Amino acid sequence: MRKMLLVMLAIVVIGGGFAWYNRQAIILYFVANTGKEAVAAHRAISWAAGPEDAEAPPAERPPNIVFILADDLGINDISTFGGGVAGGSVPTPNIDRLAADGMIFEQAYSGTASCAPSRAMLMTGRYPTRTGFEFTPTPDGMGRMVNLLSDTDRSGLPPLEWDSAQAEAAPPYAEQGLPGSEITIAEVLGEAGYHTVHIGKWHLGRGAEFDPNAQGFDESLLMASGLFLPEEHPDVVNARLDFDPIDRFLWARMQFAASFNGSEWFEPGGYLTDWWTDEAISVIRANRNRPFFLYLAHWGVHTPLQATRADYEAVGDIEPRRERVYAAMVRALDRSVGDIMDELEAQGLADNTIIVFSSDNGGAGYIGLPDINAPFRGWKLTFFEGGIRVPLFIRWPARIAAGSRSDTAVAHIDLMPTLAAAAGAALPEGVTIDGVDLLPLSGAPERPGDAIFWQSGYYRAVRQGDWKLQVSERPGREWLFNLAEDPTEQTDLAQRHTDRVAAMRALLDRHREGRRPPLYPYTLEAPIAVDRTLADRVGSQAEVIYWPN
């Protein structure tokens, strides 16, 4: 009997040890086998068609508007500013052509350093202090899983913190959205007679109040989940990032799926970047005889890193593998921009079509590529320039001279009022718009207090003129930079200019007076090394901030 008990105890100990040693694999197994949706076979999209004959030639109609938004694209990923992936070996000629044909904003900023609140500001022209949409919604269970999968022993970072009580109190993922009471640029343009179409990522909620159709889009081809192609597809090349817990969660949970106007999920018609571009071209053809607004919100170059085999071969022998796949994804994104410009030319619409190109925030340090935001410090999930400095180009041949440049500080909140003004559309009555109209794109726009604000919980920043202040409770410090003299934020002047810090802190405090509280709480506090990627081991002297989300 005693021998049997000892054997059973040994089995329990060995089994428990095996489970502990392989706990991450066990976690990922359960993530991969729960919470997934049924995905139907692919079906063709039937876009609503405009009139067969135009009532007026394109030059005499309000301008068409095509807004192309990349996801997590680093400012050094495009060659417009002299950069390019892999040391410039993979240029972006089509994005460069778009930029050269219009206005390049040399000091353009995202709404914040993460995707969803930035997109809310693009849509509304309003800060989170007014909308309450302050944090990026994460799929149910993601926070808990990322917390369990994080590996501080490998990275050297302090531990990620997850608040289970706050997560329990938060609304379901689908209901963490931009309130229906907010007025989007799609609604404004729809009122002015535009046909409005969304293709791609949304991330502003999925309930009846929040989805694209509820927020002003006549038609919406939605990214229902996050794979660019099925993982085992013969034409895909994948690059897993085993050092990144977010990436590991995405590979386990994401599916290859789309939805059209709220339909059931179905398989997309190809690699997402290319398929969405083909569908965008179909939208342009269907609406060539009436004013349209097309919001093409690409998933590229966000993780999971997946490229077509053709693009992977075309970019050449780049190491490491993740950079080669990433470069191939950038190539696909650049091709998308070129194909859309070519179609507008073919339809005779190019001259009076506004094309806006930007990224929702800076490149992410968790993909392990050190130069994507060069020469700026920081990443997505920081308010250093690398996290919020983004490309912004506007092409409108009828109004904007090729080769135009602006060194005025502008931000995503400015695009809603700018596009409304360009279309001759009225802004909503009784609604405070924080952005400013950038038209006629000459000289500095009049911005209240000459200030641009960013916030995520207790981490806040403000730029006023050439001065920029960041304030955070974790690690409990301030950073002050003069961007005219130090655009890459190498020298912190907070201790030397205490009066300037106090004045800008007062600006931050006034910005939050009477604010609308966040719609739901942050549940994660993630440590981010400002000057290291997640693939690097962080030393004890590294500068680390926390990002609450």
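In this predicted model, strand 1, which covers residues 64-70, runs alongside strand 8, residues 292-297, and the two pair in the parallel sense over five bridges. Within this pairing, Phe-67 stands opposite Tyr-295 of strand 8. The points below place these strands in their sheet and then turn to the helices.

**The sheet**
- Strands 1 and 8 belong to an open sheet of nine strands, whose order is 7-5-4-8-1-10-11-2-12 and whose pairing is mixed.
- At the edges lie strand 7 (258-260) and strand 12 (404-411), each of which pairs on one side only.
- On average, and with direction ignored, neighbouring strands of this sheet are turned by 15 degrees against each other.

**Helix 4 and helix 14**
- The axes of helix 4 (residues 93-100) and helix 14 (residues 321-346) come within 7 Å and cross at roughly 50 degrees, which means that helix 4 is oblique to helix 14.
- In this contact, Pro-93, Asn-94, Ile-95, Arg-97 and Leu-98 of helix 4 meet residues of helix 14, namely Asp-334, Arg-335, Val-337, Gly-338, Met-341 and Asp-342.
- Sorted by character, the residues of the contact between helix 4 and helix 14 comprise five nonpolar, two polar and four charged ones.

**Helix 11**
- Helix 11 (residues 245-253) is largely enclosed by the rest of the structure, because eight of its nine residues are buried.
- The buried residues of helix 11 are Pro-245, Asp-247, Arg-248, Phe-249, Leu-250, Trp-251, Ala-252 and Arg-253.
- The N-terminal end of helix 11 is capped by Asp-244, which has a side-chain oxygen 3.1 Å from the backbone nitrogen of Ile-246.

Technical notes:
Residues numbered from 1 in each chain as written. Predicted model: local features only at pLDDT ≥ 70, side-chain atom pairs only at ≥ 80, totals over all residues. Heavy atoms only, no water. Pairing = 2+ DSSP bridges. Helix = DSSP H or I, 4+ residues; strand = E, 2+ residues; numbered from the N terminus. Axes fitted to C-alpha atoms, helices over the stretch in contact; angles between N-to-C directions. Parallel < 35°, antiparallel > 145°, perpendicular 65-115°, else oblique. Contact = heavy atoms within 4.5 Å. Nonpolar A, V, L, I, M, F, W, Y, C, P; charged D, E, K, R; others polar. Buried < 20%, exposed > 50% of the residue type's maximum accessible area, 1.4 Å probe, protein only. Polar contact = N/O pair within 3.5 Å; in protein donor to acceptor, adjacent residues only side chain to side chain.
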